Amino acid sequence: MAYTDQRTGRNQRAAVITAVAVLQGAAIVALINGLAVHWRQPPPLPPIEGQQIPLDPIPIPPPPKPPTPPILRPVPLPPTPIPPISLPTGDPVPIPLPSPGPVATQTADPIPLPKPTPAFVARAPKPKNAPGSWATPNDYPSRDLREGNQGVTGFSLTVGADGRVQSCAVTASSGFPGLDKATCDNVSRRARFEPATDGSGNSITGTYSSRIRWQIPQG
């Protein structure tokens with residue numbers, strides 16, 4: 001019995017060593033094959049109708065910069081020599097000048113110049129007080145009043161540059177000397193005027209003419 005058990009134990013040990021060796025070899029082979037295995041990616045799924053597949057934009061490289069043009073600088077040219085000019089010697093040749101022909105003259109009528117407009121307008125003497133106050137019924141001569149003399153006396157006055165009456169002249173008689181004299185006496189004493197002026201605005205002597213009706217008041 002002892003021999004049989006011993007032989008059986010040896011066989012079991014040899015089987016275990018063999019199994020371990022096989023397992024180790026298999027593990028080494030699996031390790032080597034595992035390192036060499038490449039996983040294949042599954043094929044992409046077909047797109048669904050109506051669905052857009054996003055595409056990554058392809059980067060466009062920037063355009064190349066244009067080359068910098070070279071700076072051209074003018075090259076100075078050597079001065080061109082000017083040949084000397086030789087003038088002919090001798091007496092100058094006279095050039096005949098054309099004789100002057102008759103000169104046509106044309107006369108034009110002188111253009112009339114406008115007359116200057118005077119700055120002032122000449123005017124006659126102008127009364128400063130009312131002419132009706134120069135002779136009143138109270139000035140009626142007593143003799144003509146008693147005799148009932150009535151009439152119209154025309155007169156002309158010479159007015160000085162100061163506006164005062166210098167002289168009086170009867171231009172149309174009333175027919176009664178007393179009424180004519182009373183006319184000049186009262187008008188010369190009471191009449192006041194703005195003097196006459198010339199075209200330059202200066203005061204000058206002028207004349208003034210009018211008339212007075214002598215009528216006896218009724219009542």
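This passage describes the nonpolar core, two buried asparagines and the disulfide of a predicted model.

Residues are numbered from 1 along each chain as its sequence is written. Because the model is predicted, local features need pLDDT of at least 70 and side-chain atom pairs count only at pLDDT 80 or more, while totals for chains, interfaces and linings use all residues; side-chain values use heavy atoms, with hydrogens and water left out.

In soluble globular proteins, nonpolar side chains tend to be buried together. A nonpolar core is here a set of buried Ala, Val, Leu, Ile, Met, Phe, Trp, Tyr and Cys residues joined through side-chain atoms within 4.5 Å, where buried means under 20% relative accessible area, exposed over 50% and partly exposed in between (1.4 Å probe, protein chains only). The largest such core comprises 15 residues, and those with the most contacts inside it are W134, L157, V187, F193 and W214. Two or more residues are given to this core by each of strand 2 (151-159), helix 3 (177-190) and strand 7 (206-214); helices (H or I, at least four residues) and strands (E, at least two) are DSSP runs, numbered from the N terminus. Contact denotes heavy atoms within 4.5 Å. Leaving aside neighbours within four places in sequence, the contacts of W134 include F155, N186, V187, F193 and Y208.

N186, one of these partners of W134, lies in helix 3. Its relative accessible area is 6%, so N186 is buried. Beyond residues up to four places away in sequence, N186 touches W134, A135, D139 and W214. The side chains of N186 and R189 are joined by a polar contact of 2.9 Å, a polar contact being a pair of N or O atoms within 3.5 Å; within protein, one must be able to donate a hydrogen and the other to accept it, and residues adjacent in sequence count only if both atoms are side-chain atoms.

A second asparagine, N149, is found in the loop between helix 2 (142-147) and strand 2. N149 is likewise buried, because its relative accessible area is 8%. Its side chain makes a polar contact of 3.0 Å with that of E147. With residues up to four places away in sequence not counted, N149 touches Y140, D144, F176, L179 and I216.

The structure holds one disulfide, defined as a pair of cysteine sulfur atoms within 2.5 Å. The sulfur atoms of C168 and C184 are 2.3 Å apart. This pair links distant parts of the chain, with C168 in strand 3 (residues 165-172) and C184 in helix 3, 16 residues apart. The torsion about the S-S bond is about -65 degrees, so the disulfide is left-handed. C168 is partly exposed, with a relative accessible area of 24%, whereas C184, at 12%, counts as buried.
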